Amino acid sequence: MIQAVVFDMDGVLVDSEPVWEKVRRQLVADHGGRWDDDTQDRMMGMSTGEWSRYLSQDQGVKLTPDEVARTVIDAMAEEYTRHLPLLPGAAEAVTRMSERWTVGLASSSPRTLIDAVLHAAGLTGQFAATVSTEEVERGKPAPDGYLSAAARLGVGPAACVAVEDSSNGLRSAAAAGYAAVIAVPHEKYPPAPDALGKARLVLGGLDELTADAVSSLG
């Protein structure tokens, strides 16, 4: 029996990946780094410590990882203050799920941005537990974030369903042993075929995330 639905945030509830890419590209340009064709894809799902080290040590940004993280997170918070890119149907989908199941969140964003997004969207009270990959040992595609979310909800992973968009997120939830992973792919950042193959259900948008659709996965 399904007992909980755990959402990713970036790319699922908020259309933040274009914002992350804009902010990180600017950082790389400003500080002498290199941006490869797969740089954005590589960072999707990484924890703050992981992507800040990647930009500093692998991509040649002339800042320490701590400076990279602080600069990017401050810029993201500023972008969200100007405009929160909530995806169509996000609030309604979370509400539908919370009326039937316990709802959690497992995000690669830092805690400050998770709290800011949920507060601005009016969704804070809908989530019984939220986890940032800053709070676990490894970011996605490792299963740590999804395992922590299930533990905080008091539910076994095999009774949870994840809602994800990215390659690393899909891999993470599958590696955590969730009952099912639902993919809601982003048009600009589609998951790799092997990662999408881990999803038992692929949706065209959050309006398709219904109680009947989730129940059918049980």
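1. Tryptophan 20 is buried, with a relative accessible area of 4%. Since the model is predicted, this value and the others below describe a prediction. Tryptophan 51 is buried as well, and its relative accessible area is 1%. The cut-off for calling a residue buried is under 20% relative accessible area, so the label applies to a value of 4% or 1%.

2. The count of aromatic pairs comes to three. One of them is formed by tryptophan 20 and tryptophan 51, with 5.8 Å from centre to centre and 70 degrees between the planes, an edge-to-face arrangement. This pair links distant parts of the chain: tryptophan 20 belongs to helix H1 (residues 17-30) and tryptophan 51 to helix H3 (residues 48-58), 31 residues apart. For a student new to such descriptions, a pair of aromatic rings is described by two things, the distance of the centres and the angle of the planes.

3. Tyrosine 146 and tyrosine 178 also pair: the ring centres are 5.3 Å apart and the planes stand at 80 degrees, so the pair is edge-to-face. Planes over 60 degrees apart count as edge-to-face. Here too distant parts of the chain are linked, since tyrosine 146 is in helix H7 (residues 144-153) and tyrosine 178 is in the loop between helix H8 (167-175) and strand S5 (180-183), 32 residues apart. Both tyrosine 146 and tyrosine 178 are buried.

4. Tryptophan 51 has a further neighbour to note. The charged end of arginine 24 sits over the ring of tryptophan 51, at 4.5 Å from the ring centre.

5. Which residues of H3 are buried? They are Thr48, Trp51, Ser52, Tyr54, Leu55 and Ser56. In an α-helix there are 3.6 residues a turn, so residues three or four places apart point the same way. The cover over the buried residues of H3 includes H1, helix H2 (39-43) and helix H4 (65-82). After H3 comes glycine 60, which has a positive phi, near 80 degrees.

6. The strands form an open sheet. Six strands take part, in the order S3-S2-S1-S4-S5-S6, and the pairing is parallel. Strand S3 (129-132) and strand S6 (201-202) are the edge strands, each pairing on one side only.

7. Strand S1 (residues 4-7) has residues pointing two ways: Ala4 and Val6 one way, Val5 and Phe7 the other, and all are buried. S1 runs parallel to strand S2 (residues 102-107), with four bridges joining them, and phenylalanine 7 stands opposite leucine 105 in S2. S1 also pairs in the parallel sense with strand S4 (residues 160-164), over four bridges; valine 161 in S4 is the bridge partner of valine 5.

8. From S4 the pairing continues to S5, in the parallel sense and over four bridges. Alanine 162 has valine 181 in S5 as its bridge partner. Elsewhere on the sheet, helix H6 (residues 111-121) lies across S2 and S3 and runs at about 140 degrees to S3.

9. Taken as a whole, the protein chain has ten helices and six strands. Its radius of gyration is 16 Å, close to the 17 Å that the globule rule gives for 218 residues, so the chain is as compact as a globular protein of that length. The C-alpha trace spans about 50 × 35 × 30 Å along its principal axes.

10. How much of the protein chain is buried? Buried residues account for 55% of the 218 residues. Of the contacts between residues at least 6 apart in sequence, 64% join residues at least 24 apart.

Technical notes:
Residues are numbered from 1 along each chain as its sequence is written. This is a predicted model: local features need pLDDT of at least 70, side-chain atom pairs count only at pLDDT 80 or more; totals for chains, interfaces and linings use all residues. Side-chain values use heavy atoms; hydrogens and water are left out. Rings of Phe, Tyr and Trp (its six-membered ring) pair if their centres lie within 6.5 Å; planes under 30 degrees apart count as stacked, over 60 as edge-to-face and the rest as tilted. Buried means under 20% relative accessible area, exposed over 50%, partly exposed in between (1.4 Å probe, protein chains only). A charge sits over a ring if NZ of Lys or CZ of Arg is within 6 Å of the ring centre and within 35 degrees of the ring normal. Contact means heavy atoms within 4.5 Å. Two strands pair if DSSP finds at least two bridges between them. Axes are lines fitted to C-alpha atoms, for helices over the stretch in contact, and angles run from 0 to 180 degrees between N-to-C directions. The radius of gyration is taken over C-alpha atoms; the globule rule is 2.2 Å times the number of residues to the power 0.38.
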